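I opened this notebook to keep a record of what I looked up in one protein structure. The entries follow the order in which I looked.

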Amino acid sequence: HLWFRWVLRLVPGNGLPSLLAKTALGQLFFGPYITIVFFSSALWCSGSLSWRTLREKISADLWPTILAGLGFWPFCDFIAFALLSEHFIPPFLNLCSFVWTIFLSLQASRKRP
């Protein structure tokens with residue numbers, strides 16, 4: 001909720017430039033951070049979290065995950081910021097996050113040959 005509130009205050013309005021700016025903020029800052037947190041959590045749950053394994057996971061999967069996110073999150077952000085009121089943005093994006101978490105879970109559990 002804090003992230004969305006901050007983005008809405010930082011970039012007011014819902015014209016195309018505003019929507020693009022809000023989407024870019026999520027892709028540049030929130031997405032990579034939360035993906036690394038997710039990878040860390042997955043490694044911790046599997047009992048293999050260390051600086052080495054985290055660096056390897058980030059090196060192998062961060063960019064593919066972010067690039068895949070470019071095909072998902074801009075669409076979700078456009079709907080959220082263009083069509084929904086501030087109170088409905090978090091629940092809608094939480095639903096999108098549920099779907100995205102399934103993808104992240106598959107990415108986090110991938111084994112490298």
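What follows are my entries on the fold, the helices, the aromatic rings and the pocket.

**Entry 1: the model and its overall fold**

I noted before anything else that this is a predicted model. I then looked up the secondary structure and found five helices and zero strands in the protein. Read from the N terminus, the elements run α-α-α-α-α. I wrote down the extent of the C-alpha trace along its principal axes, which is about 45 × 20 × 20 Å. I also looked up burial: of the 113 residues, 33% count as buried.

**Entry 2: distance along the chain and distance in space**

I picked three residues and looked up how far each lies from a partner.

L2 is found in helix α1. The residue has 68% relative accessibility, so I entered L2 as exposed, the cut-off being over 50%. From L2 to P17 I count 15 residues in sequence, and the C-alpha atoms are 22 Å apart in space.

P32 lies in helix α2. P32 counts as buried because its relative accessibility is 18%, and buried means under 20%. P32 and G47 are also 15 residues apart along the chain, and their C-alpha atoms are separated by 23 Å.

A68 lies in helix α3. With 30% relative accessibility, A68 counts as partly exposed. A68 and A42 are 26 residues apart along the chain, with 19 Å between their C-alpha atoms.

**Entry 3: helix α3**

Where does α3 have its kink? I found the kink at D61, shortly before the proline P64, and its angle is about 45°. I next looked up which residues of α3 are buried, and the list is T53, L54, K57, D61, L62, T65, I66 and G69. D61, the site of the kink, is therefore one of the buried residues of this helix, by the cut-off of under 20% relative accessible area. K57 is also on that list, and I looked up its surroundings. K57 lies over the face of F39, at 5.6 Å from the ring centre.

**Entry 4: aromatic rings**

How many aromatic pairs does a search of the whole structure find? The search finds six. W3 and W6 form a tilted pair, with 5.5 Å centre to centre and 35° between the planes. W3 and W6 are three residues apart in helix α1, which means they are separated by about one helical turn. W6 has 44% relative accessibility, so W6 counts as partly exposed.

F72 and W73 form an edge-to-face pair: the ring centres are 5.1 Å apart and the angle between the planes is 85°. I call this edge-to-face because 85° between the planes is over 60 degrees. Are the two residues of this pair buried or partly exposed? F72 is partly exposed, with a relative accessible area of 21%. W73 is buried, with a relative accessible area of 15%. The cut-off for buried is under 20%, so F72 at 21% does not meet it. I also noted that ring pairs link F72, W73, W100 and F103 into a cluster.

**Entry 5: the largest pocket**

I looked up the largest pocket last, and its space is about 500 Å³. The lining has 24 residues, and F30, G31, I34, W73 and S97 lie nearest the centre of the pocket. I had already met W73 as a buried residue and as a member of the ring cluster.

Which helix supplies the largest share of the lining? The largest share comes from α2, with nine residues. At least two lining residues come from each of α1 (2–10), α2 (16–45), α3 (51–69), α4 (73–83) and α5 (89–108). I finished with the classes of the lining residues: 12 are nonpolar, 10 are polar and two are charged.

Key:
Residues are numbered from 1 along each chain as its sequence is written. This is a predicted model: local features need pLDDT of at least 70, side-chain atom pairs count only at pLDDT 80 or more; totals for chains, interfaces and linings use all residues. Side-chain values use heavy atoms; hydrogens and water are left out. On a 1 Å grid over the protein atoms alone, a cavity is a set of points where a 1.4 Å probe fits but cannot get out, and a pocket is an open set with protein on both sides within 12 Å along at least five of seven lines; lining residues have an atom within 4 Å of a point. Grid points are joined across faces, edges and corners, and a volume is the space filled by probe spheres set on the points. Helices (H or I, at least four residues) and strands (E, at least two) are DSSP runs, numbered from the N terminus. Ala, Val, Leu, Ile, Met, Phe, Trp, Tyr, Cys and Pro count as nonpolar, Asp, Glu, Lys and Arg as charged, and the others, Gly among them, as polar. The bend at a residue is the angle between axes fitted to the seven residues ending there and the seven starting there. Buried means under 20% relative accessible area, exposed over 50%, partly exposed in between (1.4 Å probe, protein chains only). Rings of Phe, Tyr and Trp (its six-membered ring) pair if their centres lie within 6.5 Å; planes under 30 degrees apart count as stacked, over 60 as edge-to-face and the rest as tilted. A charge sits over a ring if NZ of Lys or CZ of Arg is within 6 Å of the ring centre and within 35 degrees of the ring normal.
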